[in-house]
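Please look over the sequence and the model shown here. A short report on one of the chains comes after them.

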Amino acid sequence: MGPLIYSCDIIVYIGIFGIVCLSLNLEYGFAGLANFGKVAFFLTGAYTYALLSQIGLPFYLCLIASALISAIFGLLVSLPALRLRADYLAIAVLAFGEILRLIMKSEKWLAGGDWGMAVSPIFPYMGSYLLYRLENIGLVFLCLFLCFLVVQLLTNSPYGRAMRAIREDEVAAEALGKDRSRFKAQAFMLGSAMAGLAGGLYAQYLQYVLPGMFMPMVTFTVWIMVLLGGPANNWGVLLGATLVEIFDRGTNIVKDYIALPVDPSNLQYILFGALIIFVLLFRPRGLLKESAIRTKALRLAHNARRAVKNKGSQ
Amino acid sequence: MQEELLRIKEVSKHFGGVYAVNGVSLDINHGGIYGLVGPNGSGKTTLFNIILGLHKPDQGEICFKGKRINNLAPHQIYELGIVNSFQLPRLFYDLSVLDNMLVAARGQQGDRLFNSLFLRGRWQNQEKELIKEALEILELVELAQWAFSPAGELSGGQRKLLEVARGLMAKPTLLLLDEPAAGINPVLGKKIFQRLKDFSHNGIAFFIVEHRLEILFDFATWIYVMDKGRIVIDGEPQAITDNPTFYAIYLGEE
């Protein structure tokens with residue numbers, strides 16, 4: 001495979017994980033929910049896609065189902081889990097992800113157990129690996145764009161303001177009329193839907209699913225992307241996804257061209273660990289800082305104030 | 001006969017073996033300014049937290065507008081019209097001062113998931129009005145120039161002011177204020193109380209914990225004195241200042 005195909009491959013990955021990052025950003029960046037079980041919903045989406053496409057549903061219905069079923073799982077998990085304190089929530093959903101993975105691993109009748117199952121791709125192979133990837137880039141980035149739009153509109157509205165308020169101080173927000181359980185459950189549900197959509201795209205792009213693809217490390221990789229890029233900034237987390245993917249896939253590709261003394265894939269976890277420490281030490285709020293709430297009315301008010309100030313200083 | 005706005009009957013709450021609030025009964029009427037005074041640890045803030053639904057009382061009954069509110073969640077109590085301003089400001093520090101105000105606004109169209117995405121025109125128009133209201137209140141507490149700065153950049157006194165302003169933004173029927181004048185310069189403190197009085201003419205009732213008695217007693221219509229979890233005396237400010245028990249409890253003088 002040539003460098004061009006490799007680059008396209010990285011871009012597909014950036015798109016898919018960009019969607020997962022946006023979903024974690026909605027939950028953690030804006031609503032303050034430490035979802036350490038992201039991979040559970042990614043897995044749900046991927047297996048939903050695999051199983052439904054096997055029985056012959058068209059791809060768009062499979063993708064919608066991936067999102068829907070993950071959303072339902074998200075809601076079901078969130079109802080008991082959101083009653084827990086933040087740190088217990090993290091552990092509960094982390095365990096949930098592992099349980100799902102182990103179920104898929106041991107229930108061989110369902111989806112092939114450890115060996116996984118083949119998934120038919122949306123775009124059939126037309127004699128060109130490059131074309132296959134370009135088609136996927138188109139589809140993945142269309143989905144990414146839609147998710148970005150939803151998260152961006154949502155977080156720049158009174159709804160997003162309430163969400164951020166709950167993240168800052170949930171007791172004060174509750175005393176100001178914000179039903180925190182409703183906001184948290186909705187954030188969890190929407191986030192899970194997006195992760196499920198990304199899982200569906202992932203399964204069809206790789207053309208197989210197997211439990212080994214859904215190790216807890218996936219969750220942590222997404223966390224690194226979000227923390228690096230800047231929680232509560234949608235552009236930031238996409239930047240994080242891009243940088244981490246280039247690093248992750250890039251090191252794997254470089255070793256095909258350059259003889260290195262060590263296999264970089266073995267070093268990756270160490271490097272990721274170091275990266276997280278550096279980010280938290282030197283840029284605890286990520287590369288891009290939280291984006292302020294932007295609404296039409298706020299912009300008008302801000303401009304009016306600036307105009308008054310300028311007049312005063314003349 | 002006019003019904004009491006808030007009626008508290010025989011409410012108790014204990015933590016471990018200690019009764020923080022012990023059989024408290026009191027009434028609050030529309031448009032009154034009620035003071036709650038007493039030594040530190042006498043249960044004033046706990047009583048506020050019980051009214052707000054942050055603590056569940058062990059015994060007793062709390063009725064607001066004739067409706068029992070004992071087992072309601074804090075956000076439901078807000079919906080009914082009780083709003084609080086915390087003793088130690090609990091602001092949303094990463095949000096701007098104006099956004100802090102807007103969070104508190106009542107009846108927002110846009111804080112529903114569906115509306116925020118699909119009925120954008122509706123809440124955007126509402127938000128214009130709310131911003132106007134918010135800026136007026138901020139003007140009043142001399143914070144308007146900070147409207148677009150993060151609340152985390154405010155000084156201690158300013159945070160307190162924003163906490164009070166946020167309570168007013170919520171258009172309460174009953175506003176609980178926990179030491180609103182603490183850490184605020186006397187001139188501004190008086191000005192705020194003067195303003196609260198204007199609001200009370202519009203029917204808002206205030207229930208105020210305050211150690212700055214010289215300000216509180218000027219404005220309050222009724223004072224409750226609390227000690228060791230009980231209401232020991234209550235009356236008009238003049239009667240309280242003349243009461244020797246009050247001196248013994250509060251000022252430690254014989």
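The report below covers chain build, one sheet, the domains and the contact between chains.

This is a predicted model, in which local features need pLDDT of at least 70 and side-chain atom pairs count only at pLDDT 80 or more, while totals for chains, interfaces and linings use all residues. Residues are numbered from 1 along each chain as its sequence is written, and chains are lettered from A and ligands numbered from 1 in the order in which they are written.

**Chain B as a whole**

Chain B contains 10 helices and 10 strands (DSSP runs, H or I of at least four residues for helices and E of at least two for strands, numbered from the N terminus). Its radius of gyration, taken over C-alpha atoms, is 19 Å, which agrees with the value near 18 Å for a compact globule of 254 residues; that rule is 2.2 Å times the number of residues to the power 0.38. Along the principal axes, the C-alpha atoms of chain B fill a box of roughly 60 × 40 × 40 Å.

**An open sheet**

In chain B, four strands make an open antiparallel sheet in the order 2-1-4-5 (strands pair if DSSP finds at least two bridges between them). Strand 2 (18-28) and strand 5 (67-68) of chain B each have a single partner strand, so one side of each lacks a neighbour in the sheet. Strand 1 (residues 6-15) and strand 2 of chain B are joined by seven bridges, and Leu6(B) lies opposite Ile28(B).

**Two domains**

An automatic or database domain assignment gives the bounds: domain 1 of chain B is 6-91 + 167-251 and domain 2 of chain B is 92-153. Their C-alpha centres are 27 Å apart. On the side of domain 1 of chain B that touches domain 2 of chain B, helix 7 of chain B has the largest share, three residues.

**Contacts between parts**

Residues are in contact if their C-beta atoms, placed from the backbone, lie within 7 Å.

| Contact | One side | Other side |
|---|---|---|
| Chain B with chain A | 33 residues from chain B | 32 residues from chain A |
| Domain 1 with domain 2 of chain B | eight residues from domain 1 of chain B | 14 residues from domain 2 of chain B |

Which helix of chain B gives the most to the side of chain B that touches chain A? Helix 5 of chain B does, with five residues.

Note on methods: Contact = placed C-beta atoms within 7 Å.
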